[in-house]
Amino acid sequence: MKFYSTADKTNVVSLRDAVLGGMPADNGLYMPESIPQLPTSFFNSLYTLDYQTLSFEVAKIIIGEDIPHQILWDMINHAINFDTPLVDIEDHIKTLELFHGPTLAFKDVGARFMSRLMAYLVKDSDRELTILVATSGDTGSAVANGFFQVPGINVIVLYPANKISAIQEKQIATLGENIIALKVNGTFDDCQHLVKTAFVDPGIKKSRMLTSANSINISRLIPQTFYYFNALRQIANFQSKQIAISVPSGNFGNLTAGLIAKRMGLPVQRFIAATNINHIVPDYLDSGLYRPKPSIPTISNAMDVGSPSNFSRILDLYDSSWKRIKSDIHGIYLSDDETRQAISAVKKNTGYILDPHGAVGYLGIKEYLLKHPKIDAGIFLETAHPAKFKNIIEPVIQDRIEIPARLADFLNRKIQTLNLSKNFPEFKAFLLQHSV
Ligand SMILES: *Cc1c(COP(=O)(O)O)cnc(C)c1O
């Protein structure tokens, strides 16, 4: 498969260049040249496939012959090593739990697959690859854990001092080996600025093979299509049902992966783009006008995005037709108060504990079903385990949340981090000193 840039469709590159390059120089995003439809036999036999086998079938049609099948199969078995169960919440509403990976967030899926794919793509290179990531929390922990001990790759994670949660810092800064954690005396924007400046610095580029690992990388979206098929596999007679899926969204990578899955034939009537008050995309769906804004902080903070990076991919999928986009995606946005009320009500009525992001997704599907009673099954994605947001949830449900063992395990480890100022020359000196 070849990949083109959304800014210029004649700018076409190989899988290797799309994945290792991350973003084209023309500021577009990479998209697969074609999105083939899965055969009817795939859907007819979906119930008989396990999660890894169906992922392999989906991966083959996007990745094509670029990776030997045995290697792709090994990659999938390594990356897709935790389940995504579909759990009943109430009549007609189910949640797809995506948080059973090592850092308890759906970003584990993309990060684990990307790490193995990159390791394969650089294996014949004489230099090690360095991944630079600026993080406000979740991306850094998923990437650090996804790349831990992956041969030929080093990861440098920059995070703002005192601005990420204690759990997140433990998930990023206790691994060691090929994962270097840098605690920056500044904000997330300062971290992002250091990373962006490093990418265009000629001296650094000469000494290191650098790439990024954020959600603009197409290799994160490919494995995120797999769990949409895994969701339908868990619904009896899905082919004769009307199904809607609500996706709590920030940068819209997760929803874009769903739209790509639909293009491959995923039988879903409608997607719901559910956001917090950073409602740039719901506004676009409503008015046809796309107006990025500075982000506003909320309790679903992994979705505090004012300029969603995957929006250009959505436009590209539908040739920028607002009408066609609207017919596949319905937009809804919720306030923090509504989110808290949903967490409380669902706990009271069903016993289930939502995290703040999942709660936005839940309200999205709930509202949609009220207006669209023909839908048989409404699914919302649970993108993180509620224990990651203990401090927000416990006062709302007035109960304790049990911390899963794999999260508790992080809390007992020792932090190994280096302090860094927000001045670029210091960061540059660090990168040159430790060049590989
Ligand atoms: C990143 C993240 C999101 C948003 O996903 P996008 O693909 O950026 O839309 C939602 N929930 C959680 C918990 C996240 O970490």
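The legends below describe several close-up views of a predicted model.

**View 1. The second largest pocket and the residues that line it.**
In this predicted model, the second largest pocket has a volume of about 180 Å³. Its lining is made up of Arg270, Pro282, Asp283, Leu285, Asp286, Lys326, Ile329, His330, Gly331, Ile332 and Tyr333. Two elements, helix H12 (280-287) and strand S12 (329-333), each supply at least two residues of this lining, and S12 gives the most, with five residues. When the lining residues are sorted by class, five are nonpolar, two are polar and four are charged.

**View 2. Phe43 and Phe229, a tilted aromatic pair.**
The structure holds twelve aromatic pairs, and the one formed by Phe43 and Phe229 has its ring centres 6.2 Å apart, with 45° between the planes. Because Phe43 lies in helix H2 (residues 40-44) and Phe229 in helix H10 (residues 218-232), this pair ties together parts that are 186 residues apart in sequence. Are these two residues buried or exposed? Both Phe43 and Phe229 are buried. Together with Phe42, these two residues form one aromatic cluster.

**View 3. Tyr290 and Phe311, a stacked aromatic pair.**
A pair of aromatic rings is described by the distance of the centres and the angle of the planes. For Tyr290 and Phe311, the centres are 3.8 Å apart and the planes lie at 5°, and the pair therefore counts as stacked, a label given to planes under 30 degrees apart. Tyr290 belongs to the loop between H12 and helix H13 (311-317), whereas Phe311 lies in helix H13, so the pair ties together parts that are 21 residues apart in sequence. The two partners can also be described by their accessibility: Tyr290 is partly exposed, with a relative accessible area of 28%, while Phe311, at 5% relative accessibility, counts as buried.

**View 4. The surroundings of Phe311 in helix H13.**
Which residues does Phe311 touch, not counting residues up to four places away in sequence? Phe311 touches Val281, Tyr284 and Tyr290. The C-alpha atoms of Phe311 and Gly253 are 8.7 Å apart in space, although these residues are 58 residues apart in sequence.

**View 5. Arg263 over the face of Tyr318.**
This view shows a charged side chain beside an aromatic ring, since Arg263 lies over the face of Tyr318, at 5.3 Å from the ring centre.

**View 6. Asp319 and Ser320 in the loop between H13 and helix H14 (322-328).**
Most residues other than glycine have a negative phi. In this loop, however, Asp319 has a positive phi, with a value near 45°, and Ser320, which is not a glycine either, has a positive phi of about 60°. Asp319 is also exposed, with a relative accessible area of 56%.

**View 7. Asp17 in helix H1 (residues 15-21).**
With a relative accessibility of 40%, Asp17 counts as partly exposed. Leaving aside its neighbours within four places in sequence, Asp17 is in contact with Gly22 and Tyr30. A separation in sequence can be set beside a distance in space for Asp17 and Leu121, which are 104 residues apart along the sequence and 9.3 Å apart from C-alpha to C-alpha.

**View 8. Gln52 in helix H3 (residues 51-63).**
Why does Gln52 count as buried? Gln52 has a relative accessible area of 19%, and because buried means under 20%, this residue falls within that class. Apart from its neighbours within four places in sequence, Gln52 is in contact with Trp73, Ile76, Asn77 and Ile80. Gln52 and Lys374 are 322 residues apart along the chain, and their C-alpha atoms are separated by 32 Å.

Methods:
Residues are numbered from 1 along each chain as its sequence is written. This is a predicted model: local features need pLDDT of at least 70, side-chain atom pairs count only at pLDDT 80 or more; totals for chains, interfaces and linings use all residues. Side-chain values use heavy atoms; hydrogens and water are left out. On a 1 Å grid over the protein atoms alone, a cavity is a set of points where a 1.4 Å probe fits but cannot get out, and a pocket is an open set with protein on both sides within 12 Å along at least five of seven lines; lining residues have an atom within 4 Å of a point. Grid points are joined across faces, edges and corners, and a volume is the space filled by probe spheres set on the points. Helices (H or I, at least four residues) and strands (E, at least two) are DSSP runs, numbered from the N terminus. Ala, Val, Leu, Ile, Met, Phe, Trp, Tyr, Cys and Pro count as nonpolar, Asp, Glu, Lys and Arg as charged, and the others, Gly among them, as polar. Rings of Phe, Tyr and Trp (its six-membered ring) pair if their centres lie within 6.5 Å; planes under 30 degrees apart count as stacked, over 60 as edge-to-face and the rest as tilted. Buried means under 20% relative accessible area, exposed over 50%, partly exposed in between (1.4 Å probe, protein chains only). A charge sits over a ring if NZ of Lys or CZ of Arg is within 6 Å of the ring centre and within 35 degrees of the ring normal. Contact means heavy atoms within 4.5 Å.
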